[in-house]
Amino acid sequence: MNNLSRRSFVSFALASTSLLAMPAISTGSARPKVVVVGGGAGGATAARYIAKDSKGAIDVTLIEASKHYYTCFYSNLYLGGFRDYDSIGHSYDNLSANHGVNVVHDWAISVDPSARKVRLGSGATVSYDRLVLSPGIDIKYDSIDGYSVEAQTKMPHAWKSGTQVKVLRDQVLNMPKGGTFAMVPPPNPYRCPPGPYERISMVAHILKEKNPTAKIVVIDPKNKFSKQGLFMAGWEKHYPGMVEWIDNDTHGGIKNVNPETMEIETDLDTFKADVACVVPAQRAGAIAMNAGVTDGDWSPIVPASMQTKADGNIYVLGDASVASAMPKSGFSANSQAKVAANHIRGELTDSRVFPAKFSNTCWSLVATNDGIKVGANYKAGEEKIEVVDKFVSKTDEGNAKRKKTYEESIGWYNGITTDMFS
Amino acid sequence: MVKIVFKFFIIISCYLIFRGLVAEPLLDGADFDYGEYLSGQCLTCHQNSSDEGIPAINGAEAIYIAKKLILYKNKELENEVMQLVAGALDQEQIASLAIYFNSLEK
């Protein structure tokens, strides 16, 4: 902890005992203050870029409950046995050491937009000139009858990386011979559009080797999905006869799930699973709701800056935002963070503000050395973020190209995690 | 052979630009601050920490970066992501990125 953050810590500690008596909490500096909530691809990138590029002119505090961040991207590759669990975990130490970011490991409980303060789980408050919320998603547990917080151990969603993915991997590895793995993907919009289908590929990869008579049934609340042709061709090529995908029109809708009997009931049939990954509908993380910057489940933003439409002092990044054409992905959040960081620096230090430029690429692994990708770049329209140009892998491209795409994804993983945490 | 000639051309060009003997129109209008901002888009993938899968580009010659970006923009080099990124860059943006990445330590 450097001197500044040590002083800040003392301030927080004092603040926590005398909140009502002392509404204005100093973080030990007269510099403009930016508070970032959430240390994922949006928040960690925003904190790092604001601190790095302002060269100490802005006091940046990052509030993140976890001391170690396990990336959601590549958690499927851990599931499939392509990565060690430790290799997808990252620490925040360099953000403090290299850029002077005050990293506070706590929960942000509430926001008072008029007083420009964030209250933490410890009871302390921290004041801001600009607030960046990058809380990711919350799971809507009640969106599927029978699903609940308690159910998530028996039917893990594993949609926030971390220990749930470990639980799911153990369940897949210990599945009875010839058993059934059921996957219930989420309805739109949700974090990581190709994610459920990469997950199916990774489970199939394990089963092909360890449990080749097992089956995978996908009970989808949608009738189409991201990179559908590429995934389905890949399943047929690498795992013939193993994966059955059932669209919403065919099964007629998911009525309920039962974690005790491991059954998933639809209009068409009741499916019995040995292992089930159930990913419910999602919404913006609770702190965005609390800050009053959401409309429905997500937070509308101004495309040129990522400021919320509700409050110009509050920016929302990544999954929690309504980014229109941009998918909810780590790459998108990282891209949006740089636009917001540039805008915030301009507002607080009069540095130059450049036009917003966004991009995204989602790589997915279908099987060993079979990587596919979809990508686009975007511009800020008046009301929405709009696509400029896009591409997607082709079904008939050769094995060498697919291998190269997978290798490129490793480069991207190293790149984005360095861009977030170094 | 083509590669060797290309490299030789780049080295000579860089030397001449360095000596101020030849103006390089590809780098006209380069704006360092703009390059720094635009580099954010590149740094999601390109990092000095690793060359695996995606090359490190810090400290590369400015003219080399500019020419590569133009080749991707014109789809004369393969890679969908790079064609997309470069396709959306104008000459000033390419020049700005080129001088910014050139300024970074290898």
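**Salt bridges and buried charges**

Q: What makes the contact between Arg402(A) and Glu397(A) a salt bridge?
A: In this predicted model, the side chains of Arg402(A) and Glu397(A) come to 2.7 Å, N to O. The cut-off is 4 Å between such atoms, so the pair qualifies.

Q: Why is Arg402(A) called buried?
A: Its relative accessible area is 8%. Buried means under 20%, so Arg402(A) fits that label.

Q: Is Glu397(A) buried or exposed?
A: Glu397(A) has 14% relative accessibility, and because the limit for buried is under 20%, it counts as buried.

Q: What makes Glu397(A) and Lys401(A) a salt bridge?
A: Their closest N and O atoms are 3.7 Å apart, which is within the 4 Å allowed.

Q: Why does Lys401(A) count as partly exposed?
A: Lys401(A) has 27% relative accessibility. That value lies between the 20% and 50% limits, so partly exposed is the right term.

Q: Which residues are linked with Glu397(A) in a network of salt bridges?
A: The network holds Asp370(A), Lys373(A), Lys401(A), Arg402(A), Glu408(A) and Glu80(B), along with Glu397(A).

Q: How do you know that Arg345(A) and Asp53(A) form a salt bridge?
A: Their side chains meet at 3.9 Å, N to O, and the cut-off is within 4 Å, so the pair counts. Arg345(A) belongs to helix 10 and Asp53(A) to helix 2 of chain A, so the bridge ties together parts 292 residues apart in sequence.

Q: Why are Arg345(A) and Asp53(A) called buried?
A: Arg345(A) has 14% relative accessibility and Asp53(A) has 13%. Buried means under 20%, so the term applies to both.

Note on methods. Residues are numbered from 1 along each chain as its sequence is written. Chains are lettered from A and ligands numbered from 1 in the order in which they are written. This is a predicted model: local features need pLDDT of at least 70, side-chain atom pairs count only at pLDDT 80 or more; totals for chains, interfaces and linings use all residues. Side-chain values use heavy atoms; hydrogens and water are left out. Helices (H or I, at least four residues) and strands (E, at least two) are DSSP runs, numbered from the N terminus. Buried means under 20% relative accessible area, exposed over 50%, partly exposed in between (1.4 Å probe, protein chains only).
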